[in-house]
Amino acid sequence: MSKKALVVTVLALLPTLSFAAGENNVGSCGWGSKVFEGQKGIAPQVLAATTNGTFGNQTFGVTSGTSGCTQDGMVSSTWKTSMFIDGNKERLARDMSQGGGETLDSLAHLIGVADKDRAAFNRVTRENLARIFPAADTPTEQVVTALREVLAGERELAQYAASI
């Protein structure tokens, strides 16, 4: 392979490789997402993204509502929430244990919790502290996932789970 072909190949793969940085970077629909569902690590994510991108099935799935895709989905990213939690774990856990505080208020604002729902958000995070932060060294990704699950399980707060 010539140097020019190698450079073109690497540049073509860069967008695909950028999917390998987080928990679920591929999305939840398309053949690649289904074939590699539940597998962790860079390789399965790159393969899932490549499968979706190469065959165009994720685009087709979103357009047609097939392959596990829906047409009413929302594009979202958890990186802001993850970064915030990662930099504020101790203070956030403390605020959750107390049912309020500046760090918990900041998290609520970040994920778009309306003022009318703040008391419920504070109460639910306090009641589920052990589930959200099961240990002092709980990885950020696990905290994010648990928080999303806790909110999704609450009728009045479920709408905010998608923002995490």
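The following paragraphs go through helix packing, burial and salt bridges in this structure, which is a predicted model.

A convenient place to begin is helix H5, which spans residues 79-87 and packs against helix H7, residues 102-110, at an angle of about 175° with the two axes 10 Å apart. Because angles over 145 degrees count as roughly antiparallel, H5 and H7 are to be described as roughly antiparallel to each other. On the H5 side the contact is made by Lys80, Thr81, Phe84 and Ile85, and on the H7 side by Thr103, Ser106, Leu107 and Leu110. Sorted by class, the residues of this contact of H5 with H7 comprise 4 nonpolar, 3 polar and 1 charged.

H7 also packs against helix H6, residues 89-98, and here the angle is about 100° and the axes are 7 Å apart. With that angle, H6 is roughly perpendicular to H7. The residues that meet are Arg91, Leu92, Asp95 and Met96 in H6 and Glu102, Thr103, Leu104 and Leu107 in H7. This contact of H6 with H7 divides into 4 nonpolar, 1 polar and 3 charged residues. Thr103 and Leu107 of H7 thus appear in the contact with H5 and again in the contact with H6.

Returning to H5, one may ask which of its residues are buried. They are Thr81, Ser82, Phe84 and Ile85, and, viewed down the axis of H5, the buried residues fall within an arc of 165°, so they line one face of the helix. The face of H5 that is turned away from this buried side carries Met83, Asp86 and Gly87, which are exposed. As for what covers the buried residues of H5, the cover includes H6, H7 and helix H10, the last of these running over residues 140-152.

The charged side chains offer another way through the model, which holds 5 salt bridges. One of them joins Glu127 and Arg123, with an N to O distance of 3.4 Å; these two residues both lie in helix H8, residues 118-127, and are 4 residues apart, about one turn of the helix. Arg123, which is partly exposed with a relative accessible area of 29%, also forms a salt bridge with Glu156, where the closest N and O atoms are 2.9 Å apart. Since Arg123 belongs to H8 whereas Glu156 sits in the loop between H10 and H11, this pair ties together parts that are 33 residues apart in sequence. Glu156, at 35% relative accessibility, likewise counts as partly exposed.

A further salt bridge is formed by Glu149 and Arg131, whose closest N and O atoms are 3.6 Å apart. Glu149 lies in helix H10 and Arg131 in helix H9, residues 129-132, so this pair ties together parts that are 18 residues apart in sequence. Both partners are partly exposed, Glu149 with a relative accessible area of 43% and Arg131 at 45% relative accessibility. Through shared partners, salt bridges join Arg123, Glu127 and Glu156 into one network.

The last stop is Ala161, which is placed in helix H11, residues 158-161. At 7% relative accessibility, Ala161 counts as buried, the cut-off for that class being under 20%. Apart from neighbours within four places in sequence, Ala161 is in contact with Arg148, Leu151 and Ala152. Between Ala161 and Val150, 11 residues apart in sequence, the C-alpha to C-alpha distance is 8.1 Å.

Conventions:
Residues numbered from 1 in each chain as written. Predicted model: local features only at pLDDT ≥ 70, side-chain atom pairs only at ≥ 80, totals over all residues. Heavy atoms only, no water. Axes fitted to C-alpha atoms, helices over the stretch in contact; angles between N-to-C directions. Parallel < 35°, antiparallel > 145°, perpendicular 65-115°, else oblique. Contact = heavy atoms within 4.5 Å. Nonpolar A, V, L, I, M, F, W, Y, C, P; charged D, E, K, R; others polar. Buried < 20%, exposed > 50% of the residue type's maximum accessible area, 1.4 Å probe, protein only. Arc of directions from axis to C-beta. Salt bridge = Lys/Arg side-chain N within 4 Å of Asp/Glu carboxyl O.
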